[in-house]
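Let's sit down with a model and read it together, one feature at a time. The learner asks, and the teacher answers.

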Amino acid sequence: MTTTSTAIDVGTDATAWIDSHLLELREILAIEGVLRLRGLGEFVTEFDAITETVTGAPPIEYRGGVTPRTRIDGNVYSSTDFPAEYAIDLHSEMAYSRTWPLYLAFCCVQPARSGGATPLASTVEVAERIPSALAERLRLLGIRYRRAFHPVLGTDWRSAYGVNDEAELVDAAARRGEDIAIDGDVVTSSWTLPAYRICDGGVESWFNQMVAFNVRTLPSGVREDLLDVVGEDGIPKNTLLGDGTPFVESDIDAVRDAVDATSITVPWSAGDLTIVDNRRFAHGRQPYTGFREVRVCMTGEGSWA
């Protein structure tokens, strides 16, 4: 019925049409890793239920995430709240966490005046294009994710961990497999995870947030101001090699080149729904102008365990 580059029109009664074509839609998602539907109309308010029907799993709460989102209703959220003039680098959703969603569903209520498309890239194809020297370092050492919580800079640790005191913080971090350092009002957490996920058949996929989590993806003016105020160790979020060695500019550029060489672009019209297998496709966002409303829900749960 479709490929990742083509959206399927669902007709005037989206839920009835989807129910009658459910087996075909599930087959497309299983084969392609991406399913695009068009013309939901008034059924955009039910896109989470539609996603549950297609993926066979209920929407999950966005918990433990590090990017700002606004809860709209239930487990439906805004897509990442980030200034419109900047791109969001492609990434695998919550790959920095011990658990992560199996599927993401994006539904467009209002497209941007210009720009704002969602690029997608096959995680297997990206993995094939990572330079061998960088790939070997990552296989050996993994990626260290690091967060720093300051009392007046970004999210505070109490909100981030859902705790009230330092003892609860230490327990919560231990359950997540994180190392915690407390220095007065500043709390730093760090943990190391693989850069690659092994798919069926032993094939490697590029499953991480090495670039999107890295300090170099911040707008240059913001990055320089933060470095002046808190230094690199105090940046709210950053990635390093698993041994603590910072990534250099050429490492970040190499990953971006691999992503750019394999990505496709999903444009948005009002009523569009795109369901993405998070294990098989990384996603991002292009800059845009005007008002844009794209909602997201996540279903199923995968784990590094």
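The dialogue below goes from the overall fold to the cores, the empty spaces and two loop residues.

Q: Before we start, what kind of model is this, and how many helices and strands does the protein chain have?
A: This is a predicted model. The protein chain has nine helices and 22 strands.

Q: How do I read the overall dimensions, and what is the radius of gyration of the protein chain?
A: The radius of gyration is 19 Å, close to the 19 Å that the globule rule gives for 305 residues, so the chain is as compact as a globular protein of that length. Along the principal axes, the C-alpha trace spans about 60 × 45 × 40 Å. Buried residues make up 50% of the 305 residues.

Q: Among contacts between residues at least 6 apart in sequence, what share joins residues at least 24 apart?
A: That share is 79% in the protein chain.

Q: Now the interior: which residues have the most contacts inside the largest nonpolar core?
A: The general idea comes first. In soluble globular proteins, nonpolar side chains tend to be buried together. Here the largest nonpolar core has 73 residues, and L40, L138 and W206 have the most contacts inside it. Strand 8, residues 103-110, gives the most to this core, with six residues.

Q: Which residues does L138 contact, leaving aside neighbours within four places in sequence?
A: L138 is in contact with I143, A195, Y196, W206, M210, L241 and F247. Apart from the largest core lies another core, of nine residues, including F149, Y161, L169 and A173.

Q: What about empty space: how many cavities of 30 Å³ or more does a search of the whole structure find?
A: Again, the idea first. Rolling a probe the size of a water molecule over the atoms shows where empty space is left. In this model the search finds one cavity of 30 Å³ or more, and about 130 Å³ of space lies in the largest cavity.

Q: Which residues line the largest cavity, and which strand gives the most to the lining?
A: The lining is made of R69, S79, T80, I88, H91, F106, T118, H283, G284, R285, R292 and V294. Strand 19 gives the most, with three residues. Both strand 6 (88-91) and strand 19 (281-285) supply at least two residues. By class, the lining divides into three nonpolar, six polar and three charged residues.

Q: How much space lies in the largest pocket, and which lining residues are closest to its centre?
A: The largest pocket holds about 780 Å³ of space. Of the 33 residues that line this pocket, V66, P68, F82, L218 and K237 are the closest to its centre. Strand 6, strand 11 (143-149) and helix 8 (220-230) each supply at least two lining residues. The classes here are 19 nonpolar, eight polar and six charged residues.

Q: Let's zoom in on V215: is it buried or exposed?
A: Buried means under 20% relative accessible area, so V215, at 4%, counts as buried. V215 is found in the loop between strand 15 (204-206) and helix 8. Not counting residues up to four places away in sequence, V215 touches R223, E232, I235, K237 and N238. V215 and P236 are 21 residues apart in sequence and 8.6 Å apart in space, C-alpha to C-alpha.

Q: And M94: where does it lie, and what is its phi?
A: M94 lies in the loop between strand 6 and strand 7 (99-100). Its phi is near 60°, a positive value in a residue other than glycine. At 5% relative accessibility, M94 counts as buried.

Key: Residues are numbered from 1 along each chain as its sequence is written. This is a predicted model: local features need pLDDT of at least 70, side-chain atom pairs count only at pLDDT 80 or more; totals for chains, interfaces and linings use all residues. Side-chain values use heavy atoms; hydrogens and water are left out. On a 1 Å grid over the protein atoms alone, a cavity is a set of points where a 1.4 Å probe fits but cannot get out, and a pocket is an open set with protein on both sides within 12 Å along at least five of seven lines; lining residues have an atom within 4 Å of a point. Grid points are joined across faces, edges and corners, and a volume is the space filled by probe spheres set on the points. Helices (H or I, at least four residues) and strands (E, at least two) are DSSP runs, numbered from the N terminus. Ala, Val, Leu, Ile, Met, Phe, Trp, Tyr, Cys and Pro count as nonpolar, Asp, Glu, Lys and Arg as charged, and the others, Gly among them, as polar. A nonpolar core is a set of buried Ala, Val, Leu, Ile, Met, Phe, Trp, Tyr and Cys residues joined through side-chain atoms within 4.5 Å. Buried means under 20% relative accessible area, exposed over 50%, partly exposed in between (1.4 Å probe, protein chains only). Contact means heavy atoms within 4.5 Å. The radius of gyration is taken over C-alpha atoms; the globule rule is 2.2 Å times the number of residues to the power 0.38.
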